[in-house]
Each structure stands twice: as C-alpha cells, then as structure tokens.
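Q: Please go through this model and explain, term by term, what makes each label apply.

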Amino acid sequence: MGRLKKLKKIRIHREGTHILWASFLLLLLMNTALYWGIDCKIPFYVIAVASIAIYLLMVNFFRCPIRLFGQDTEKIVVAPADGKIVVIEEVDENEYFHDRRLMISIFMSIVNVHANWYPVDGTVKKVAHHNGNFMKAWLPKASTENERSTVVIETPEGVEVLTRQIAGAVARRIVTYAEVGEECYIDEHMGFIKFGSRVDVYLPIGTEVCVGMGQLTTGNQTVIAKLK
C-alpha cells in the first residue's frame, strides 16, 4: 500500500498541463483567425490538419501511463524510460564512483513518453544537477558535457546505482523529483525530460545485462539488468 500511495496517478503528466492548455488556445485562435480572415478555405484546412497533428504529438509526448512492474524487484534493474538501447559498455564514471562501471543508455525520441521511472528500489543517496551543452543526446560526450541530473540510489542489498537524465539537442528542461534520504520504488516516477533526451544507468561491473543494442524499452516494464 505504501508504494501505491506514492504513485502519481495521472494520465497527462503534470509537466505538460500548462503547455498543452496554452498550445490548444494558441492553435485555436490561429485557426479561427485564419478561417474568418480569408475567403479561400484551402490554407485553413491545411493549417488545421497540421495543427491537429502537432497537438496530438504533444499529447502523446506528455501522456503519463500508469504502470506497475508486478514482479519481484529484488536485484532487478528496470528501464527508467521508454526508448531504445544505444549504449552497453564499460566506462569510467568520474562524477560519483570514480571507477569503472557498466553503462546502459536509453535514447528517447520525441515520440516517446518522457516520464522517467526509478530503475531500482532503494534509498536516494545523492541528487545533483549540472548545467551544460545541448548536443545530440546519442553522442558519447552527451553523458558528461550536456545539461544533466544525477540520482544515486542504494538498493536494499547495499548496491549503489547511478541514473543520469541527459538533455538533448531539443530538450531544454530536466525535472527531477528525487530527494536525498527518501525511499524510492521501481513503480514511482523519478522525473521528466522535455523533448528528446537520454537516460544512462551505471551499474557494477559484472552485472548481468538483459537487453541488447537497439532493443526498444518500456519504462518500468523492461528488465535491463540483474544485480549480483
């Protein structure tokens, strides 16, 4: 019950509410002015269809599916985001661990849901935000040079897992809900990234990887790794 009480039970993410209302009113006013302002209706029909398509894309972007993992979460690492696996490799992590880690990266395109989930159950040990560039999110340097937020979670077994939200070329705002000292769960939202981005998960060397390069992931559903 404690886990269920913490779920954010909304269909449209709260980060998109104001944007969607403002966009709806703007598009409505623009199309109304176009309809009454010109005699030829062809431009109106073209703009109207384009407006509907753009608005539906925005609604899809800000939709917030309610998902429950529904399985044993012990030593399980789930995908923190919808998207595609673009990196599985050992790297030097120099912000927190200062040693070699297994990094699994998920790239979110503009058509993906952009809510982010916690990849593991545990306790939040660190939360940090770093200003940076806005290069394309799939580039290797994006992990350390782009605007990003870092969340470190210690699992009940004492394993520390680092998750990094990374802004992309289009993304301009990262929202992180995690707070140091709070308990967190796989079924709970960790944050949100607005418009095209990436999420990296850093795991101990020797962790069993359960996904492959190019594989599509579903946030809070796809098991990406199993901790030793």
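A: Start with accessibility: a residue is buried under 20% relative accessible area, exposed over 50%, and partly exposed in between, with a 1.4 Å probe and protein chains only. The model is predicted, local features need pLDDT of at least 70, side-chain atom pairs count only at pLDDT 80 or more, and totals for chains, interfaces and linings use all residues. Residues are numbered from 1 along each chain as its sequence is written, and side-chain values use heavy atoms, with hydrogens and water left out.

Q: Why is tryptophan 36 called exposed?
A: Its relative accessible area is 70%, and the label needs over 50%. Tryptophan 36 is therefore exposed.

Q: What makes tyrosine 35 partly exposed?
A: Tyrosine 35 has 32% relative accessibility. That value lies between the cut-offs of 20% and 50%, so tyrosine 35 counts as partly exposed.

Q: Why is the aromatic pair of tyrosine 35 and tryptophan 36 called edge-to-face?
A: Rings of Phe, Tyr and Trp (its six-membered ring) pair if their centres lie within 6.5 Å; planes under 30 degrees apart are stacked, over 60 edge-to-face, and the rest tilted. For tyrosine 35 and tryptophan 36 the centres are 5.1 Å apart and the planes stand at 90°. Both values meet the definition, so the pair is edge-to-face. The whole structure holds five aromatic pairs, and one aromatic cluster is formed by Tyr35, Trp36, Phe44 and Tyr45.

Q: How do you know that the charged end of arginine 101 sits over the ring of phenylalanine 97?
A: The label requires NZ of Lys or CZ of Arg within 6 Å of the ring centre and within 35 degrees of the ring normal. The charged end of arginine 101 is 3.7 Å from the centre of the phenylalanine 97 ring, and the pair is listed as sitting over the ring.

Q: Why is serine 197 called buried?
A: Serine 197 has 0% relative accessibility. This is under the 20% limit, so serine 197 counts as buried. Serine 197 lies in strand S11; strands are DSSP runs of E, at least two residues, and helices are runs of H or I, at least four, numbered from the N terminus.

Q: What does UniProt list for Ser197?
A: An unreviewed UniProt entry gives "modified residue: Pyruvic acid (Ser)" at Ser197 and also places "active site" there. Such annotations may be inferred rather than shown by experiment.

Q: What makes strand S7 and strand S11 a pair?
A: Two strands pair if DSSP finds at least two bridges between them. Six bridges join S7 (residues 160-167) to S11 (residues 197-203), which run antiparallel; the definition is therefore met. Across this pairing, isoleucine 166 stands opposite arginine 198.

Q: Why do S12 and S14 count as paired?
A: Two bridges join strand S12 (residues 208-209) to S14, and at least two are required, so they pair. Valine 209 stands opposite alanine 225 there.

Q: What makes a set of residues a nonpolar core?
A: The members are buried Ala, Val, Leu, Ile, Met, Phe, Trp, Tyr and Cys residues joined through side-chain atoms within 4.5 Å. The largest such core has 28 residues, and Val77, Ile104, Tyr118, Val161, Leu203 and Ile224 touch the most other members. Strand S3 gives the largest share, four residues.
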